[in-house]
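Here is a friendly walk through one protein chain. Take a moment to turn the structure around, and then read on for the overall picture and a few residues worth finding.

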Amino acid sequence: MPYGVSPDLQTSTSNLVDAYKRSELIKESGLGIFALSAIIVDKAEPSEALKANVVWSIGLENKSYLLSSFQLEKFRKLEQIHEEVDIKGEKGAYFIHSNFVITAQTSKEWFTVANVNQGHSQVVELSQLIQGNEEQLKTKLNNDIDRGSKTLIQLVASADGLQSTNDVLKDARHFSNTLFNIMRGGIFDNNYIIEKADFSNYLKNASRAVASNNAIFIEALPEVFDVNKLNSLLGAISDPDLKRLAKEYLPLKFSRRHGDPSRPWNKFSINTNSEIDGSKILDYEGNWRDIFQNWEALVHSYPKFVEGMISKFLNATTIDGYNPYRVTKGGFDW
């Protein structure tokens with residue numbers, strides 16, 4: 001799928017999207033470029049497609065590439081296939097063709113990697129990097145996979161998702177249940193630690209008046225503090241709105257809206273880092289019932305945040321028992 005195609009556009013007018021597609025191959029590096037000839041808009045205005053999604057592969061020798069499914073039947077019939085370098089107006093693909101023999105007790109490893117939202121300079125830089133740097137790239141990819149796996153395990157461990165019993169299947173089920181729970185409700189960034197920059201931005205977004213009226217209090221906060229320190233400082237504050245908003249602050253991350261990831265109709269994204277400067281993002285979002293039922297389990301791992309969770313819940317509930325539709329770090333949707 002090329003850059004610039006939204007799920008709604010693909011679902012409603014996929015044939016129109018196909019007409020705009022162009023799949024290209026840089027033969028020297030084997031980099032496949034999947035782009036639109038122009039961004040699809042229903043307006044009489046120019047709209048250039050300045051980014052592309054790319055796919056590349058390392059680890060195989062004497063390989064050729066297909067950018068469509070046209071020749072798959074030939075491959076199945078063991079007929080000769082011809083490399084494709086430029087396919088227009090058709091659904092894109094990325095197939096690698098290579099012949100090799102694997103003898104007993106040996107293995108063969110290769111990688112196929114996708115990068116999204118790539119600009120012109122990024123495509124050129126990546127294509128040059130691939131050529132002649134396969135061993136270096138293999139090491140880099142394996143290290144990145146290991147780093148991602150360890151990070152995921154750390155996130156689940158933070159919510160007490162690791163256990164070791166005689167029943168391996170139950171251990172795996174507990175891990176996956178905990179993972180899905182923190183994916184929906186979030187996980188605390190660094191135990192009970194709060195960073196002043198994120199806390200300050202949260203207050204400004206929640207109420208500019210409160211942030212302005214308590215500027216001296218906010219400025220005096222250390223760059224990093226814990227929830228006990230915050231509660232202690234709030235004891236000397238007379239502004240009830242500051243107390244309310246500060247109690248509601250929860251430094252959660254790795255959260256996304258909607259139900260189980262196994263449901264294909266659910267669309268969600270987990271915002272972990274800023275695309276602008278790479279800085280980490282602390283954020284959470286969930287439907288009212290979903291997020292609080294997940295926090296109910298999470299609070300057993302972080303009991304000192306229970307007051308903040310209860311405050312978030314009660315402060316958004318009307319006196320006659322109505323609740324918002326959606327809860328986010330930035331507020332509520334009714």
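The chain holds 13 helices and 14 strands. Its radius of gyration is 25 Å, well over the 20 Å that the globule rule gives for 334 residues, so the chain is more spread out than a compact globule. Please keep in mind that this is a predicted model.

**The chain as a whole**

Along its principal axes, the C-alpha trace spans about 80 × 65 × 40 Å. Of the 334 residues in the chain, 39% are buried. The accessible surface comes to about 20,200 Å², and carbon and sulfur atoms account for 51% of that surface.

Contacts also tell us how the sequence folds back on itself. Taking the contacts between residues at least 6 apart in sequence, 66% join residues at least 24 apart. As for charge, the chain carries 37 positive and 42 negative charges, and the mean positions of the two sets are 2 Å apart.

**Four buried residues**

The table below gathers four residues to look for, each with its element and its relative accessible area.

| Residue | Element | Relative accessible area |
|---|---|---|
| Asp18 | helix 2 (residues 14–20) | 8% |
| Asn53 | strand 3 (residues 52–58) | 13% |
| Ala246 | helix 11 (residues 240–248) | 2% |
| Gly308 | helix 13 (residues 306–315) | 7% |

Start with Asp18 in helix 2. Is Asp18 buried or exposed? With a relative accessible area of 8%, Asp18 is under the 20% cut-off and therefore counts as buried. Leaving out residues up to four places away in sequence, Asp18 touches Gly89, Glu90 and Lys91. Gly89 is 71 residues from Asp18 along the chain, yet the C-alpha atoms of these two residues are separated by 5.3 Å. The side chain of Asp18 also takes part in a polar contact of 2.9 Å with the side chain of Lys21.

Next comes Asn53, a residue of strand 3. Which residues does Asn53 touch, not counting those up to four places away in sequence? They are Met1, Pro2, Tyr3, Gly32, Ile33, Phe34, Asn115, Val116 and Asn117. With Asn117 there is a further detail to find: its backbone nitrogen lies 3.0 Å from a polar atom of the Asn53 side chain. Asn53 itself is buried, at 13% relative accessibility.

Ala246 sits in helix 11 and is buried, with a relative accessible area of 2%. Apart from neighbours within four places in sequence, Ala246 is in contact with Phe199, Leu203, Leu230 and Leu234. One of these partners, Leu230, is 16 residues from Ala246 along the chain, and the C-alpha atoms of the pair are separated by 8.1 Å.

Gly308 belongs to helix 13 and is buried too, with 7% relative accessible area. Setting aside residues up to four places away in sequence, Gly308 touches Lys247, Glu248 and Leu250. How far is the C-alpha atom of Gly308 from that of Ile270, 38 residues away along the chain? The separation is 22 Å.

**Two loop residues with positive phi**

Now turn to the loops. Leu78 is found in the loop between helix 3 (72–76) and strand 5 (86–88). Phi of Leu78 is near 65°, a positive value in a residue other than glycine. Is Leu78 buried or exposed? Leu78 has 78% relative accessibility, which is over the 50% cut-off, so this residue counts as exposed.

Phe254 lies in another stretch of the chain, the loop between strand 11 (252–253) and strand 12 (285–287). Phe254 also has a phi near 65°, a positive value in a residue other than glycine. Its relative accessible area is 15%, which is under the 20% cut-off, so Phe254 counts as buried.

**Looking back**

To retrace the tour on the structure, you could begin at Asp18 and its contact with Gly89, and move on to Asn53 and its partner Asn117. From there, visit Ala246 in helix 11 and Gly308 in helix 13. End with the loops that hold Leu78 and Phe254.

Note on methods
Residues numbered from 1 in each chain as written. Predicted model: local features only at pLDDT ≥ 70, side-chain atom pairs only at ≥ 80, totals over all residues. Heavy atoms only, no water. Helix = DSSP H or I, 4+ residues; strand = E, 2+ residues; numbered from the N terminus. Rg over C-alpha atoms; globule rule 2.2 N^0.38 Å. Buried < 20%, exposed > 50% of the residue type's maximum accessible area, 1.4 Å probe, protein only. Contact = heavy atoms within 4.5 Å. Areas by Shrake-Rupley, 256 points an atom, 1.4 Å probe, with all protein chains shown as cover. Lys, Arg positive; Asp, Glu negative; His and termini not counted. Charge placed at Lys NZ, Arg CZ, Asp CG, Glu CD. Polar contact = N/O pair within 3.5 Å; in protein donor to acceptor, adjacent residues only side chain to side chain.
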